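The exercises below practise reading a ligand site and a strand arrangement from a model. Work through each one with the structure open before turning to its solution.

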Amino acid sequence: MALLDELNPQQREAVTATDGPVLVLAGAGTGKTRVITYRVAHLIEQGIAGRNILAVTFTNKAADQMRHRIADLVRSGGHDASDIWISTFHSFCARLLRREAPSAGLSRSFAIYDDDDQTRAVKLALQNLKFPEKELAPRPLRDRISHAKNHSISPDEMEAEAFDPFGKKAAAVYREYESILRKSAALDFDDLLLRAVALLRENSQVRARWSEQLRFIQVDEFQDTNASQEEMVRLLAGKERNVCVVGDEDQSIYSWRGAVSGNFQRFLGDFPGARTIRLEENYRSTQVILDAAASVVSHNRTRLGKDLKATLGSGKLLKYYEARDASDEAEYIGGEIASRLREDPRFTLAVLYRTAAQSRPFEETLRRIGVRYRVVGGFSFYQRAEVKDALAYVRLLFHPDDDVALLRVLNVPPRGIGKVTIDSLRAVARESNVSLWQAIPRIAAQKARGASALTDFRQMVLNFMEECANKNPGEILEVILSRTGYLDWAEQQDHLDNSARAENLRELSNAIAEAIEQGETLEDVLDRASLVSDTDEFDQTIPVSLMTLHSAKGLEFDHVFLAGLEEGLLPHGRSMNSDNDVEEERRLCYVGMTRAKRTLALSRAVYRRSWANADLAPAAPSRFLAEVPGDLVEAAQGSLAEPGETRRYEPDPDYYESQFRRAKKPTAHPASRSAAASASGGAANRLIGARVRHPSYGIGTILKIEDEGDDRRLTVSFRDYGTKKFIERYAHLQIV
Ligand code: ATP
Ligand code: MG
């Protein structure tokens, strides 16, 4: 059969083993995702109905691609693949809960709160409790709440366990947040999973219905599933246990989101007798790239280990570029990208980095040299303020109790509803334990100030509800945008700040029209808007993508530039205190390296302006660089150092000083060349990056200066002895 001819024997085994549990454990680029795609196509060819098959992917985009790929594969046989369940865990749970809303005790029109809505709900909770945001920042609180939910810790338990006033307050915010969501009939991302799992666990009828329907289950990137997702797989597997999961322990990069290591061992425990299949041939990268990546990740202690063989031959050496600073790094990468594209405009290229904020210099360079690029994981279309505003209006029509949606648009465009009015509305809602929407008539009855503007707003929404009852979704949006004055307002704003809000609103209208043509409902559109993730915006027609290492998972590019290989960035500063966290950073590095098909370039900057410290500061090379074998990498033209030297390279004080003077006001040179003599303020800063001689350790570079006067302490990095800390007056250092 043609389908199976495109697979190697191990892949074929995994694809055809459709009876009983299967675990595919394999390294990057060995065709795990391909196994899932072909397996689903194979099932369809065997006459299994699409609606009996579930494939869980990591992003909605991956789901789309898989759907198209499967349709291509089965088309010749005249099979229909349109109703296969292919989605992320979250999208699947949303669909399940909509269908089972009554059994789950939910209103069918529940809203889904995405990250931004969740943060807004936390802010609302803070306001309700009169806790200042300065003391309790909403985002970390949101993460804390999410963590608690995922560990089934209730607000009461969180409060009981709190050992400081901050913890008690956090628990109170958690309780209030939950109450806001309940009143708004909204679910956040954690709820989607938790509620769906709880429903399947507790309601045997529902469970039977779904597990009988979804007879064949496959899960990609299984190393990153969390406890609820694992439980969901167990519950859906039913008696037939036709489950195939694929993954790579070395690519587990989401432990902070609750993915727990040991997924594969647990799978074997949950599904005794599971067949384990290993894939060892890599079809993506050259052998040099694979060996370099394998060498880095082999420094992790907690792994099983495996060998990867490239089918593509050995390939070119890795390039290493040591840049003076971030813009020099971007220059180098921009130049390389331009010349690769001159070689072949069909190449795909990616610049990968650890933190989203690193994209800026690359964007500037690429824009200047006129190369089209896309930043993945920036603001996606559905996260733009105007799109969210418009959809919040639509949400209100379905469900006026949605507090977050209501607050979002209550005074947008401005209609004279000020902070005082909103505060008293919140107070009334809280006192009477009702939604903000339901509080409006109560506040009107009290004849409070600003009540008439609120009543007008409410009447407007009621009118829309009536008017839109028989309209199609495209028309609904049009009515809302024109009658609220939102479109006019957006156009005015566009005029003021030269933005494209109105255009985006038209695009939204197109998106809705398209979705409706494809048989979706307006609610499907709303769900999708809430569920889009960063990587969903990934567009393969644009040659160059800039993205974080997290977003790069599962993707592949002809040429990859892995930038910012510095201590504090990769591994990230937050991870440095724990071996486990550093191991996760190393896996991220491995994920990045293994995205490359033809060439891989690594780079780092000697000086970088860090976010926390606006000054330019010397950055030490990432420890991962030293883990790449020297014979697999060569210095790029213009690099400040050879790859083997990276560990020993000393920052250049002249350069640092010139940059420093440019950044600050010019100051006089230190009068003396002795380190001890230039003790005061600004002069101390200038010593950072200076080269010094120590009687026993030899030549080194000053990295950090703390305290003043007699207590002044210096951190110095030595060529052969690593980093040492001294009290200056005892250290006998001489500037050289
Ligand atoms: P990752 O761990 O990065 O997710 P993966 O194991 O899922 O990687 P795939 O993305 O499925 O790997 O495959 C990597 C590349 O190799 C893809 O371009 C795929 O089409 C190709 N490939 C996989 N198996 C084969 C095969 N048997 N013959 C030809 N090409 C293959
Ligand atoms: Mg994959």
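**Exercise 1.** In this predicted model, find which residues come nearest to ligand 1 and describe the shell that they belong to.

*Solution.* Begin with the neighbours: there are 19 residues around ligand 1, and those that come nearest are Lys-32, Thr-33, Gln-251, Glu-556 and Arg-595. Next, sort the shell by class, which gives three nonpolar, nine polar and seven charged residues. Then ask where the shell comes from: helix H3 (residues 32–45) gives the most, with three residues, while domain 1 (2–102 + 192–279) and domain 3 (296–378 + 543–655) each supply at least three residues.

**Exercise 2.** Identify polar contacts of ligand 1, using a cut-off of 3.5 Å between N or O atoms, and state how much of the ligand the protein covers.

*Solution.* Take the side chains to start with: a polar side-chain atom of Arg-595 lies 2.7 Å from an oxygen atom of ligand 1, and one of Gln-11 lies 2.8 Å from a nitrogen atom of the ligand. Turn then to the backbone, where an N or O atom of Glu-6 lies 3.3 Å from a nitrogen atom of ligand 1. Finally, consider the area: on its own ligand 1 has 630 Å² of accessible area, and the protein covers 82% of that.

**Exercise 3.** Determine how strand E22 (residues 713–718) pairs with strands E21 and E23, and whether E22 is mostly covered or not.

*Solution.* On one side, strand E21 (residues 698–706) pairs with E22 in the antiparallel sense over six bridges, and Thr-701 has Ser-717 of E22 as its bridge partner. E22 also pairs with strand E23 (residues 722–727), again in the antiparallel sense and over six bridges, with Phe-718 standing opposite Gly-722 in E23. As a last step, check burial: five of the six residues of E22 are buried, so the strand is mostly covered.

Technical notes:
Residues numbered from 1 in each chain as written. Chains lettered and ligands numbered in written order. Predicted model: local features only at pLDDT ≥ 70, side-chain atom pairs only at ≥ 80, totals over all residues. Heavy atoms only, no water. Near = heavy atom within 4 Å. Polar contact = N/O pair within 3.5 Å; in protein donor to acceptor, adjacent residues only side chain to side chain. Areas by Shrake-Rupley, 256 points an atom, 1.4 Å probe, with all protein chains shown as cover. Helix = DSSP H or I, 4+ residues; strand = E, 2+ residues; numbered from the N terminus. Nonpolar A, V, L, I, M, F, W, Y, C, P; charged D, E, K, R; others polar. Domains from an automatic or database assignment. Buried < 20%, exposed > 50% of the residue type's maximum accessible area, 1.4 Å probe, protein only. Pairing = 2+ DSSP bridges.
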